[in-house]
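Hi,

Here's the structure I said I'd pass on. Have a look at it first, and then read on for what turned up.

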Amino acid sequence: MKKRLMFLALAAIALASCNGGFTKGDSGMEYKIIDDKSGPSIKEGDFISFNFIVKTDADSVLQSSYDKGQPVRMPVPKIQGKGNIMTPFTTFSEGDSAMIKVNIDSMSKGHPRPKELKGKFLIYLVKIDKVIAKGNLSDDVFQGRIQAYAKSISDASKAKEPVDIKKYIDDNKLKVTTTASGLNYVITKQGTGPLPVAGDTVVVNYTGRFLNGKAFETSVKSDAVKYKLPINPMNPYKPIRFPVGVQGMIQGWNEGFMLFNKGTTATMVIPSKLAYGEQGSQQMAPNTPLIFDVELVDIVHPNPNAPKPAQLPPPTVVPNQPVKR
């Protein structure tokens, strides 16, 4: 994956320097196949899986599927409208790498140009990993092939995950403690006092990273700057609070924070089964292990004198009737 990313970046630099060989589309779009593989062109209705990098022509990367390890997987829609970014895809085939250049002013015509977009073009570097042709296949057969492909990818990432975790720990010389569940952690500063228990509220600073070192979220503004995360004006950048040991938090956090005293700083290497698992999330690819640098700022115990929540009466069951409450 890193080799692909490097190849695409180098190809982009080379092409930007010569600025030749592009096919011009409408609305200021230009595109070129960098690495042309043999095979049928993508058609409307086909299923495709592809990775991408989006950057400005000043080489400022705005987004990358490689950072998350989560390619785009989708059926090819009917192309509508001028300047549609999907238009060039019908000239690509499986294995192709391509560059698409979109004129920023044409793209934002009628709307204020985003301040962060400098230069003339947005550049999309695309690598087509898989094409499943719809052709004359029935919907059941077509969907079956897509599901079989998705399972093969999931099985491969699941098998690779423990190898990747061990390599990360070894490469970073972490002297981790591993729990029975598979949670890995190393305490970098030992706190004091009792450990939190289920129901306590923990006050936590954190920075979340992928194994490649790319951060995806933080409560610490200096870490947002350090890892070049976009500064979110809606983010207060202060410790978060959550009740530990209850539903609503990933298992790795629930387990990990009950091992730390107040004032502890630690790094947790969390396998995907204790995070977002085989399903993943909008931000996480399936079978993605996560790293969290954390600080347990405070532990707040529940108030024993707080009013108890009102209890609903037990349901009344009437034979052969729906349950009423």
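How many bridges join strand 3 to strand 4, and in which sense do the two run? There are 3 bridges, and the strands run antiparallel. Before going further, please keep in mind that this is a predicted model.

**Strand 3 and its partners**

Within the pairing with strand 4, valine 54 sits opposite glutamine 63. The hairpin made by these two strands has 4 residues between them, and aspartate 59 has a positive phi there, near 70°.

Strand 3 pairs with other strands too. With strand 7 (residues 121–132) it forms 10 bridges, in the antiparallel sense, and isoleucine 48 is placed opposite valine 131. With strand 5 (residues 72–75) there are 4 bridges, again antiparallel; here phenylalanine 50 has valine 72 as its bridge partner.

So how enclosed is strand 3? Of its 10 residues, 10 are buried, so the rest of the structure largely encloses the strand. As background, side chains in a regular strand alternate between the two faces of the sheet. In strand 3, both faces are covered: one side carries Phe47, Ser49, Asn51, Ile53 and Lys55, the other Ile48, Phe50, Phe52, Val54 and Thr56, all of them buried. Note that a lysine, Lys55, is on that buried list.

**The second largest pocket**

This one may be of interest to you. The second largest pocket has a volume of about 1,000 Å³, and 34 residues line it. Nearest its centre are Leu62, Gln63, Lys214, Leu229 and Pro230. Gln63 is the residue that valine 54 faces across the strand 3 and strand 4 pairing.

By type, the lining splits into 16 nonpolar, 11 polar and 7 charged residues. Elements that each give at least two residues to the lining are helix 1 (2–18), strand 3 (47–56), strand 4 (61–64), helix 2 (65–68) and strand 11 (215–218).

**Helix 4**

Helix 4 covers residues 139–171, 33 residues in total, and spans 46 Å from first C-alpha to last, close to the 48 Å expected at 1.5 Å a residue. Where does the helix bend? The bend, about 35°, is at glutamate 161, with proline 162 following within four residues. Glutamate 161 is also among the buried residues of the helix, as are Phe142, Ile146, Tyr149, Ser154, Ile165, Tyr168 and Ile169. After the helix comes lysine 173, with a positive phi near 50°.

**A few loop residues**

Most residues other than glycine have a negative phi, which makes the next two worth a look. Lysine 228 has a positive phi near 60° and belongs to the loop between helix 5 (221–226) and strand 12 (240–243). Asparagine 287 also has a positive phi near 60°, and its loop runs between strand 13 (265–270) and strand 14 (290–300).

Are these two buried or exposed? Lysine 228 is exposed, at 73% relative accessible area, while asparagine 287 is buried, at 6%.

Lastly, isoleucine 85 lies in the loop between strand 5 and strand 6 (97–103). Isoleucine 85 is partly exposed, with a relative accessibility of 28%. Its C-alpha is 9.1 Å from that of tyrosine 124, a residue 39 positions away along the chain.

Cheers

How values were computed. Residues are numbered from 1 along each chain as its sequence is written. This is a predicted model: local features need pLDDT of at least 70, side-chain atom pairs count only at pLDDT 80 or more; totals for chains, interfaces and linings use all residues. Side-chain values use heavy atoms; hydrogens and water are left out. The expected span of a helix is 1.5 Å times one less than its number of residues. The bend at a residue is the angle between axes fitted to the seven residues ending there and the seven starting there. Buried means under 20% relative accessible area, exposed over 50%, partly exposed in between (1.4 Å probe, protein chains only). On a 1 Å grid over the protein atoms alone, a cavity is a set of points where a 1.4 Å probe fits but cannot get out, and a pocket is an open set with protein on both sides within 12 Å along at least five of seven lines; lining residues have an atom within 4 Å of a point. Grid points are joined across faces, edges and corners, and a volume is the space filled by probe spheres set on the points. Ala, Val, Leu, Ile, Met, Phe, Trp, Tyr, Cys and Pro count as nonpolar, Asp, Glu, Lys and Arg as charged, and the others, Gly among them, as polar. Two strands pair if DSSP finds at least two bridges between them.
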